[in-house]
Every structure is written in C-alpha cells, then in structure tokens.
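Please walk through the structure shown below, beginning with a strand pairing in one chain and ending where the two chains meet.

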Amino acid sequence: MDVILRLFVNVLEEGFIYGIMAMGVYITYSVLHFPDLSVDGTFPLGACVTAALILAGVHPVIALGCAFFCGCAAGAVTGFLHVKLRISDLLSGILVMTGLWSVNLVVLGGRAVAPFYNKPTLFSTGLVKLLPQGLYLRRVLIVLFLTVVMVKLIADLYYRTKSGLLLRAAGDNDQYVTAQGVDPGRMKMLGLMLGNGLAALSGSVLAQQAESASVSSGTGMVVMGLASVIIGTSLLRGFRFLKPTTMVIVGSVLYKAALVAAMQLGLPTNYLKLLMAVLFVTALVTGNALDGRRKQSAKAYRA
Amino acid sequence: MQRLIAPDVPMVRMQNIHKTFNPDSVNERTVFAGFSLTIWQGDFVSVIGSNGSGKTTLLNLLCGSVAADRGCVEVAGECVDRLKEFQRARFIGRVYQDPAKGTCANLTILENIALADNKGKPYWLGNGVNRRRLDTYRAMVEPLGLGLENQMHLAVGSLSGGQRQALALLICTMTPIDLLILDEHTAALDPRSSETVMELTERVVKEKKLTTLMVTHNLRFAVEHGNRLLMMHQGEVVVDAADEKRGDYSVDELLRIFNEISVEVGN
C-alpha cells in the first residue's frame, strides 16, 4: 500500500513539473501550430541557470524568474531565426537546441552536472518552513501543486488579455492579425518566447526539486511535452468547461502515470525513451481518430 | 486611422506602375507595364475584368502584399511604397473572397469584434474584451438581421460563409479607415447571401462615406453599385466610366465588350 502511495505521489510530482513545460509546448504547438524543438535546449537551460544562481547564493524564487527570462531569450532567438532570417520552423528549433547545449555547459562552468545539495530551494525556504509537521512530509507535492496552479491561473488570465487574444488569432489566421495593423511575425516571436520561458521555468523547478542540474536533462522533452498536450486535449475534449491549461496538466500527469505503470510491470529502464516515443505515437493516432469521428458526426448532425 | 485630407488630393494615385512576376524565367508574366490609376475621395469604384487582367495584383499592390518593380503608389497624398502590409492595414481595410480570412475561427464573435475595436492601439495586457462595450457591439451586429447579437459567445468558425463575410465587413470598417478594398467579397457565397452582403456593403460605404474599390465578377453588382466602373484587360483599363457616363454600360453591353476582347485574344 505504501509503495503504491509513493508511486502515486511520484507521478503527481513529476506530472506537475512537466505540466508547466507542457503549457509552454501548448502555446507553440497548439496555439501557433509551430513545431518547436528548441524546448529540448531551453528546459535544461532553466535547470542550469537555476543551479548556477543558487550556487551563487541567489534566492530560489529569483532563480525561477531568471530561468523564465533566459528561456524567453532563447525562444526569441528561435523566433528571430524563423521570422527574420526565414529559416524553416523545424530547423530554427534544432539550431537553437544544438547551440544551447554549449551555452548550458558554459553556464554550469564546464561541468555536465551541478549538484547543490542542502542549498536553499523552493522546497526548503519561505512559507514552507511554517507548514505543520504532518504536511511538511508532503511539502514537495504541496509546493509543486501550488506552483503549477499559479502558472496555470496566470496563463489563463493572459489568454484573455488583448495580447493573449491576438496570439490565439495569430496561430489561426495570419491575415487577421495583419488586418489589425500588427506584424504576425512579432506575435509568433512572442509565442515562442512565452513557450520557451515556461519550458525553462519547468526545468528550474525540476532542478530545485532534485537539488541538481544536468545538461542532458532536456533529451526527449519535446516529445514529452507534445505527448502531454495531445493526451490532455484529445482525452478531455468532451469536457467543455475545462480550460486547455488544465487539460494539458492532466495530460502530463496521465503520461507520467503510463510510464510509471510500464516500469512497474517490469519494463527495463533502457526502454524508457522508446516507450515515450511509442506512447506519443499512440496518443497522436488515437487523438486524430477521435477527432475524425467527431468531425464526421458533427457533419452528419449539420446535414 | 482616418486622416484629414485636402479635398483636391486623390485618395489613391498609382503612377506608371510596372510589375513582372518571375522575371527572367520561363514563367515570366508581365501584369503591368506603365499602369496608372487615380481614385478620388468618396469614389465607389467597381472593377471587372477577365482572369489574369491584373485586378488582384492591383489590390495587392495597394495593400502591400506585392511590391511594384517600378512606379509609385500614393494613398491620401502620401507615398506608401515603404510601408509593409500590416502598416498599411491601419488605414486600408480589406475584405477577401475567402470568408475565413477576415475573421478568426477559434475566437468568439465577441472576441473578434473586440480585437478589431482595438486596432491602431497597442495589444498589451489590458483586458481583451471590454464588457462595457458589449452593448455597443451588440447594437453593431443587430442591423445585420442574422441573430448574431444573441450568439456573441459562439466561435466564429461555426458561422456560415455569409455570416462570416458580413462580420468581416463590419470588423474591417469598425475603426475609421481611408480606403476600403473588396476583393471579390461575394464570390464564394450563395446567391442570397451575396445579395445580403452586397446590401450591407452599400449601407456601410454610404454611412461612413468610405472610398471603396470593389473587384467583382458579378456584372450586375458592378453596374448597380458604385459611381465609377472600370474594366481591365491585360494590365490596362479598357473601360473607365464615371458618374453620368456609367449609364451607358448595361450588363449586356459589358458582356459584349468582354466577348469582343476575348475574340481578339483568341480564346
């Protein structure tokens, strides 16, 4: 029983951490229809920046903010390559991801891994210390839950602002944005900045939870983020009252649950990334199939 | 943006425009070689012409989605050659043939209108939909008679082509503009919707006193609407009838000219 509970908590914790990144991937992939691969580089960028800052004695919350801004800057580079230099969307992402590998190594001072055990993190400073004994044991889960909810609420608010609405319009219809006297390229860049900012934020949270940052922690992040988005939005599409941000977070938790379940059933760890890819394909294909059926029935209904 | 313009300044002046697509290739096609056109303030110009006569290129040159090889485009007395399409959009409104282009399918009717209402101002973190303007927006769509005022929270994607086009027309004329461009905006609609949209066009143009350039394949619309008729052929204006002279051209007469031209070209 204890084992199951621990697994459950583990799934939730990881689901929340990667859920933040999935919200970012949602902006680039679902809102802008931009297959952004730079996430594989911006996620560890957030982690590395956080490690460097915390080792330098910076407050963990400020480290979070800095990670977000660094992610935004990297996203702006992807946007610049694509919008201004007219490099294809996939290639722009790959170039930034590749370049960031070196940037991340430099940030960590030439090391591939930077542990910062027993330094203050989100989970050991501030209001967390005031938690009663019983809840203190679950502080990681509580802090992660609060963080993810806060990011979600801010994202929801943003989607309702002028900028947020125009961003949604930009993914849908370039011409409409042009007609409002705004450069659609600028909106694309903004979306990429926000998406990568969230990915870096997610990397920062992961680093603080693990008390260590690794240059290679970004491998497979794009696939994981996309899978969360697709699982969440296709499984929960029927629930009209749910915001896409909620769907994506649930998708992230479900995806983690599927991975953990497979591991528990005895799948060797070496197969993890393969399983991630297979799960992604399954989600994509079933999502498309469900979508197709819905469209057909909608057509029948209209006719 | 609607600017104060001295009455003797033309709204549009295109002088000696040259445009060749795919130069120095097998697909080279010269659309304009020394094309000139002046449109006066308050004119409602209908443009007709066969495919490939240069109508769409004319509109694209005005809006900035295509740049001229040579020549100058002036709008309201100012050269706009250096302005990008989105910059020109601040004073030129355009309704496309495709109803999907003028509105945003994923956003609701209300969100579409609210975003357009903000045109010309920055799109920052202010509330996207100003609730206090809701009644104004409702009053705006009510005269359409389409019942949209009761479905403001419906996604635009679920509207019919005619409804979307009517909404697109309202949206692009909402903030003051100098010039309205209608790019075969009724061509993709069924006959009844196209009548409705045309009536709405007439009303909006009159009400806001907009200078309008309408490209159409519907000869009857071209004859019945506007105060000036242009027929284009191979990059040149072959018929230009303004005000009184316009009465000389009936639908039959136009068809006759069309056939004559086609015979000359040999198709």
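In this predicted model, a convenient place to begin is a single pair of residues in chain B, where I181(B) has L213(B) of β8(B) as its bridge partner. That pair belongs to a longer match, since strand β7 (residues 179–183) of chain B and strand β8 (residues 211–215) of chain B run parallel and are joined by five bridges. On another pairing of β7(B), four bridges connect it to β6(B), and these two strands also run parallel; here V95(B) stands opposite L182(B) in β7(B).

These pairings are part of an open sheet of six strands in chain B, whose order is β6-β7-β8-β3-β9-β10 and whose pairing is mixed. The edges are formed by β6 (92–95) and β10 (236–242) of chain B, each of which pairs on one side only, and from one strand to the next the twist averages 15 degrees. Although β6(B) is an edge strand, its residues I92(B), R94(B), G93(B) and V95(B) are all buried, with I92(B) and R94(B) pointing one way and G93(B) and V95(B) the other way.

The sheet leads on to the nonpolar interior. In soluble globular proteins, nonpolar side chains tend to be buried together. Here the largest nonpolar core has 162 residues, among which M21(A), C48(A), L166(A) and L179(B) touch the most other members. Leaving aside residues up to four places away in sequence, L179(B) touches M11(B), V12(B), V75(B), F91(B), I92(B), T211(B) and L213(B), and in this list L213(B) is the residue already met as the bridge partner of I181(B).

Chain A offers a helix pair to examine. Helix α1 (residues 2–31) of chain A packs against helix α11 (residues 244–264) of chain A at an angle of about 135 degrees, the axes lying 7 Å apart. Because an angle counts as roughly antiparallel only when it is over 145 degrees, α1(A) and α11(A) are oblique to each other, and α1(A) passes α11(A) in a right-handed crossing. The residues that meet include L7(A), V11(A), Y18(A), A22(A) and Y26(A) from α1(A), and V248(A), I249(A), V253(A), A257(A) and V260(A) from α11(A).

Finally, the contact between the chains draws 19 residues from chain A and 24 residues from chain B. On the side of chain A that touches chain B, α7 (162–172) and α8 (174–179) of chain A each supply at least two residues, and α7(A) gives the most, with eight residues.

Conventions: Residues numbered from 1 in each chain as written. Chains lettered and ligands numbered in written order. Predicted model: local features only at pLDDT ≥ 70, side-chain atom pairs only at ≥ 80, totals over all residues. Pairing = 2+ DSSP bridges. Axes fitted to C-alpha atoms, helices over the stretch in contact; angles between N-to-C directions. Core = buried A, V, L, I, M, F, W, Y, C linked by C-beta atoms within 7 Å. Buried ≥ 20, exposed ≤ 12 C-beta atoms within 10 Å, placed from the backbone. Contact = placed C-beta atoms within 7 Å. Parallel < 35°, antiparallel > 145°, perpendicular 65-115°, else oblique. Left-handed = near helix turned anticlockwise from the far one by under 90°.
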